[in-house]
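Biologist: I have a fresh structure to look at. Can you take me through it, one question at a time?

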Amino acid sequence: MSERVEYIMRNYDTMRRDLAVLESELDNFRGITPQEVLDTMQFSHPTGDRVQTSNVSDKTCTIAINYRDRLEQINRDWLKHLADEYTSLKEELDFFDTAVSQLSGYLPGLIHDLVVERDTWDMVMGKYHICRKTVANARKKAIAELDVLYRKHDLRMAAYMLG
């Protein structure tokens with residue numbers, strides 16, 4: 001479990017940036033254009049055997065009949081994918097932020113400074129008037145406490161899904 005916590009701690013700022021980009025993509029979603037769908041359908045190759053029985057190619061008819069439905073489906077699927085990715089990342093970061101705020105003693109501030117503010121260990125040592133070994137021990141203790149909170153969170157989620 002601590003791998004998950006440490007991963008978030010190492011990549012917190014990248015995850016926040018990704019969340020902001022996803023939010024922007026969702027806010028400005030336009031989907032793909034009809035021309036882009038036509039281009040992909042035009043260059044696709046039909047599967048199976050076929051015999052041409054008219055002057056109008058089978059591909060042209062297929063494109064004409066299906067492109068609007070295909071366009072709407074692609075845009076729905078893409079929007080759902082973006083929304084699901086955003087929701088998942090947002091929930092992960094929100095839970096982490098909440099879990100950090102529930103740590104004991106001075107750990108919430110210290111971990112916030114290290115992870116969210118990206119302060120160096122030297123900066124944290126000066127701010128909290130502690131030595132490097134104390135920062136290391138506090139970080140280790142915070143990870144252990146976060147592991148407990150994540151374990152409880154995962155158990156609640158599993159109980160809900162199975163119950």
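**A helix, a core and a pocket**

Biologist: Which side chain makes a polar contact with the side chain of Y128?

Modeller: Keep in mind that this is a predicted model. The polar contact spans 2.8 Å. The partner of Y128 is the side chain of D113.

Biologist: With which other side chain does the side chain of D113 make a polar contact at 2.9 Å?

Modeller: Start with the surroundings. Leaving aside neighbours within four places in sequence, D113 is in contact with R118, D119, V124, K127 and Y128. The polar contact at 2.9 Å is with the side chain of K127.

Biologist: Is D113 buried or exposed?

Modeller: Use the cut-off. Buried means under 20% relative accessible area. D113 has 5% relative accessibility, so D113 counts as buried.

Biologist: Which helix holds D113?

Modeller: Look at the residue ranges. The helix in question covers residues 107–116. D113 falls in that range, and the helix is α4.

Biologist: How many of the ten residues of α4 are buried?

Modeller: Go along the helix. L107, P108, L110, I111, D113, L114 and V115 are buried. α4 is largely enclosed by the rest of the structure, because the buried residues number seven of the ten.

Biologist: Which residue just after α4 takes a positive phi?

Modeller: Step past the end of the helix. The phi there is about 60°. The residue is R118.

Biologist: Which element gives the most residues to the largest nonpolar core?

Modeller: That core has 29 residues, and M9, F96, L103, L110, I111 and L146 have the most contacts inside it. Two or more residues come from each of α1 (2–27), α3, α4 and α6. Eight residues come from the element that gives the most, α3.

Biologist: Which residues does I111 contact, leaving aside neighbours within four places in sequence?

Modeller: I111 belongs to α4, where it is one of the buried residues. Its contacts outside those neighbours are M9, V100, L103, V116, R139 and A142.

Biologist: Which elements each supply at least two residues of the lining of the second largest pocket?

Modeller: First, list the lining. It is made of R4, S88, E91, E92, F95, Y150, H153, D154 and M157. Two elements each supply at least two of these residues: α3 (58–101) and α6 (132–162).

Biologist: How many residues of that lining are charged?

Modeller: About 160 Å³ of space lies in the second largest pocket. Its lining includes three nonpolar and two polar residues. The charged ones number four.

Key
Residues numbered from 1 in each chain as written. Predicted model: local features only at pLDDT ≥ 70, side-chain atom pairs only at ≥ 80, totals over all residues. Heavy atoms only, no water. Helix = DSSP H or I, 4+ residues; strand = E, 2+ residues; numbered from the N terminus. Buried < 20%, exposed > 50% of the residue type's maximum accessible area, 1.4 Å probe, protein only. Polar contact = N/O pair within 3.5 Å; in protein donor to acceptor, adjacent residues only side chain to side chain. Contact = heavy atoms within 4.5 Å. 1 Å grid on protein atoms, 1.4 Å probe; cavity = no way out; pocket = protein on both sides within 12 Å on 5 of 7 lines; lining within 4 Å. Points joined across faces, edges and corners; volume = space filled by probe spheres on them. Nonpolar A, V, L, I, M, F, W, Y, C, P; charged D, E, K, R; others polar. Core = buried A, V, L, I, M, F, W, Y, C linked by side-chain atoms within 4.5 Å.
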